[in-house]
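Hello,

Here is the structure I promised to pass on to you. Have a look at it first, and then read on for what turned up in it.

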Amino acid sequence: MNIVILLGVLVTLVTGLPVLMQMLRNHPKGLIILFFAEMWERFSYYGMRGLLIFYLTQHFLFSDETANQTYGSYTSLVYLLPLLGGIIADRWLGTRKAIAFGALLLVAGHGLMAYEGRPATETLTYQGQVYEIVAEGRGDLRQAGIMVDGQRYNFGPAEGGGFAIEGLPEGASLPATLAEESYVMRQSRDTTGLNAFYLAVSLIIMGVAFLKPNISSIVGQLYPQGDPRRDSGFTLYYYGINLGAFWAAILCGILGQNYGWNWGFGLAGVGMALGFVVFVLGKPLLQGNGEPPNPERLRQPVVGPINREWLIYLLALIAIPVVWFMVQRHALVGSILIGATILSLLAIVLIILLGAKTWMQRKHMILATVL
């Protein structure tokens, strides 16, 4: 089945690529660079995200609740921090440099995700006797069992609570049904692997913060005011986003489920590395768009020999431990999300009341707010 899917992917790419290139040919060449860079960035993001819940619950043995909270903290920060990344690029760094820096952080983060560490282990203790929980397969194919007297047995929740073991023979050292308070489940996790995971996620969050809000702005800069190709250019650009997200879910999922988590995460990292290479090599095709608003000021030293550009990079790296701390504090991220939403709405109301000079401008802002 997996071979059939992979063949389908290959056929689709071979047959669809010429048509796509023909459509892109009528647009500025820089759109091709942005198309493929964003396609690979979304490939890496959705490829990693599609495996994340399985990885947390099956590799680290997180509970469903903890895994969902971690996933929620990660995705919330991914959408919050680009607000800062966009401001930094607009005021100082320029969108092109911000995108390149964000892509580097993403390559590092996805590459680190390929390091699994030791899988978490789980045991059941009953009347001083310890029994090992074992599992085979990944994703939907995963099957867990318990080792009793050298044999593996399936298990599940008992009616009315507790623990029930299927097919356990009479005279076994463990009863077939255990009351809820009669046993203890313990888990052991690889601390190094877990911290590496949180660091990888923090690098990805910071990378998205610099890349995501800025790459689409260059698309608009490629077209002069009133160019009729502008709308179709954005349509093609968003097609690249959807293309990367679609194939990531299939390809990274197949590799992660059948060959190992590091294969799925590694493919996501390779995709992001390709996006970075395409973007860097394609700089001449951007026609000078996305450069810093004040290059001379950006190069001026501000702390010893460190200029403003390198200071931004260093501060971003220093902020990664803060993100590492926050992504593990789900309640804190939830509070920040609520606060950011309220402040954003208040800011929009003020802009509508004070910034919009005409009724038509206010109407446009109200519509944007509703959307």
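Before the sheet makes sense, one definition helps: two strands pair if DSSP finds at least two bridges between them. Please also keep in mind that this is a predicted model.

Let's start with the sheet. It is open and has five strands, in the order E4-E3-E2-E1-E8, and the pairing is antiparallel. Why does one side of E4 and of E8 lack a neighbour in the sheet? Strand E4 (151–153) and strand E8 (184–188) stand at the edges and have a single partner strand each, so one side of each is left free of a neighbour there. On average, neighbouring strands of this sheet are turned by 35 degrees against each other, direction ignored. You can follow one pairing yourself: strand E3 (residues 143–148) and E4 run antiparallel and are joined by three bridges. Look for Val148, which stands opposite Gln151 in E4.

Now for the rings. The whole structure holds 20 aromatic pairs. In one of them, Phe246 and Trp247 have ring centres 4.7 Å apart and planes at 70 degrees, so this pair is edge-to-face. Phe246 is partly exposed at 47% relative accessibility, whereas Trp247, at 11%, is buried.

Another edge-to-face pair is Trp310 and Tyr313, with centres 5.3 Å apart and planes at 90 degrees. Both lie in helix H10 (residues 308–326), three residues apart, which is about one turn of the helix. Trp310 counts as exposed at 52%, while Tyr313 is buried at 10%.

Finally, one aromatic cluster is formed by Tyr55, Phe60, Phe62, Phe197, Tyr198, Trp261 and Phe265.

Enjoy exploring!

Note on methods:
Residues numbered from 1 in each chain as written. Predicted model: local features only at pLDDT ≥ 70, side-chain atom pairs only at ≥ 80, totals over all residues. Heavy atoms only, no water. Helix = DSSP H or I, 4+ residues; strand = E, 2+ residues; numbered from the N terminus. Axes fitted to C-alpha atoms, helices over the stretch in contact; angles between N-to-C directions. Phe/Tyr/Trp six-rings, centres within 6.5 Å; stacked < 30°, edge-to-face > 60°. Buried < 20%, exposed > 50% of the residue type's maximum accessible area, 1.4 Å probe, protein only.
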